[in-house]
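Visitor: I am new here and would like a short tour. Could you show me the structure, please?

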Amino acid sequence: MSSRPADLLIARAVRRGGPWLAALAATALLGAAADLLLPAALGSAVDAVVRTQARAGAEAGSGFTGPLTTAALLVALVVACDALGVLAAGVSGARAARWLRSRVVAHTLSVGAGVTRHFTPGEIVTRAGVNVEEAGRTPEAVVTAATLIVPAAGSVVALALIDPWLAVTLVAGLLLIVAVLRAFMRRTTAASGGYQQAQGEIAAMLVGALAGARTITAAGTEDREAARVLAPLPRLRAHGLALWRLQARAGVQAAVVVPLLEIAVLAVGGLRLSAGGLTVGELLAAARYVVLGAGLGSALGYAARIARARSAAQRLEQLFAVPPPAYGDRPLPPGSGTLELRDVTVRADGVRLLSGVSLVVPGGTCTAVVGRSGAGKSSLAAVAGRLVDPERGAVLLDGVPLREIGREPLRRAVGYAFERPALFGETLGEAVAFGLGAGDDAGERSGDAARAAATAARADAFIRRLPLGYATPVGEAPMSGGEIQRVGLARAFAQAGRLLILDDAMSSLDTVTERQIGRALTGSLSDRTRLVVAHRVTTAAQADQVVWLENGRVRATGTHERLWDDPGYRAVFRAEEAS
């Protein structure tokens, strides 16, 4: 992947440091300026001492009091700038990380289910966590590394004013240090990318293992799963060692160049002193300036941070490269919720899930979608409400293509219930009303809609039996799998304005409850179009029409009674019962 988008992302993150970034730059520059003035002040003090050795005591002391006072003030300024710089670096880094994390989370959620086709949940969490933190440290690294140029350049100028030969010697050494830093940056960026990739793989497999923790414990395969999760550990170790070796090699190179540079400048300065071209104070100042100039070598640590930040930014850009669905601005016209699929093809990872599916679900009717496992039922449910977009073909609601409908009108029109619903909101009441509209009376309307939907989903009774009823915190509600499904159904019932899509959303319900909800689907919810992924004969029998899928294609449509004459259709339900 090109590093240019990642570098642009880092630049935008740096700008998000706000006024604290300006404070960091100001303190760094002011501290660097004080560092540059300090050698001159000390050198002046030494020369003053040398010049006044023959004078009387009081007069002698007054000759260098001023330069020493100036030096003391400069030292105090350097300390104050360092302290304020630490605070500014922390705050600006936190602001940059917050901006990056907000972008990652917002983009990931806007892409929706499509992002998991490219990245596992563990990978996404790693990028939104560890990689964002690494990229968020960029402001401090960039500003501090940039300000190291100030003392280096200033030292060259100061030495040129003292003696041009000293400046030439320092410049030669600085060119060697810059070459070391460039090579270190290039190699560290590549090694950091491999390290972060291995981190993401471990996190991805750990998240998957935690999701199946009960199965792993029941099977007694903890050791085997631990080995599987930690399989990338040797690669992580190899990349980590590579990073340390790179840093050690560059550190050794800098450790050799910097002392040799200091020795070279002092040797030239000693020769100039013996020839009468320098004073003792100027030689002391030159020695201090070469230390400041060679301090460019301390940029090694900041270069490592920037390299890691660039690798992290590249991983974040890979997330941003997955485009969110684009919504139109067309409102939905008045209608009964007629759903139409025209030659729809859906593909994921090169596998065709639906192929040339065309069908019409009349408004206000109930359609059951049946088929063996892998026939494409969930893919049809996903494309019907635009959780995913088809590779080819179009899906229309009341004659309007879903791609042209605005986000809010579409989400108010379509309600989804899933086999394993995720319950959002602090309380059960909020979980049922999650996603309903806003307004001055939104709370009251949401509460009324939630209770009506919970009643239709047969969730109202068990929610009311809880001590806090609808105010029960979601995490403290003792619910079975079937009760969780009923809360998910209630949320979908409350959300759906025209189209209700149930993707295997009643698989954990007992037969009696399923029949009761089935009566609600054909009774109080009959003003909405219902598309139900069905595995049981009773659900298919209650539908107005059945769509029979096989290998991603529509094998037949019709009433359950008519299709029941086909042995292949009956075999679908026997296979489901056997599984």
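Visitor: How many helices and strands are there in the protein?
Guide: Happy to help! Helices (H or I, at least four residues) and strands (E, at least two) are DSSP runs, numbered from the N terminus. Counted that way, the protein has 22 helices and ten strands.

Visitor: Why is the protein more spread out than a compact globule?
Guide: The globule rule is 2.2 Å times the number of residues to the power 0.38, and the radius of gyration is taken over C-alpha atoms. For 579 residues the rule gives 25 Å, so the protein is more spread out than a compact globule, with a radius of gyration well over that, at 35 Å.

Visitor: What should I know about how the model was handled?
Guide: This is a predicted model, where local features need pLDDT of at least 70 and side-chain atom pairs 80 or more, while totals for chains, interfaces and linings use all residues. Residues are numbered from 1 along each chain as its sequence is written, and side-chain values use heavy atoms, leaving out hydrogens and water.

Visitor: Is strand β6 largely enclosed or open?
Guide: Buried means under 20% relative accessible area (1.4 Å probe, protein chains only). In β6, residues 414–418, four of the five residues are buried, so the strand is largely enclosed by the rest of the structure.

Visitor: Which residue of β7 stands opposite phenylalanine 418?
Guide: Two strands pair if DSSP finds at least two bridges between them. β6 and β7 (residues 499–503) pair in the parallel sense over five bridges. Opposite phenylalanine 418 stands aspartate 503.

Conventions
Buried means under 20% relative accessible area, exposed over 50%, partly exposed in between (1.4 Å probe, protein chains only).
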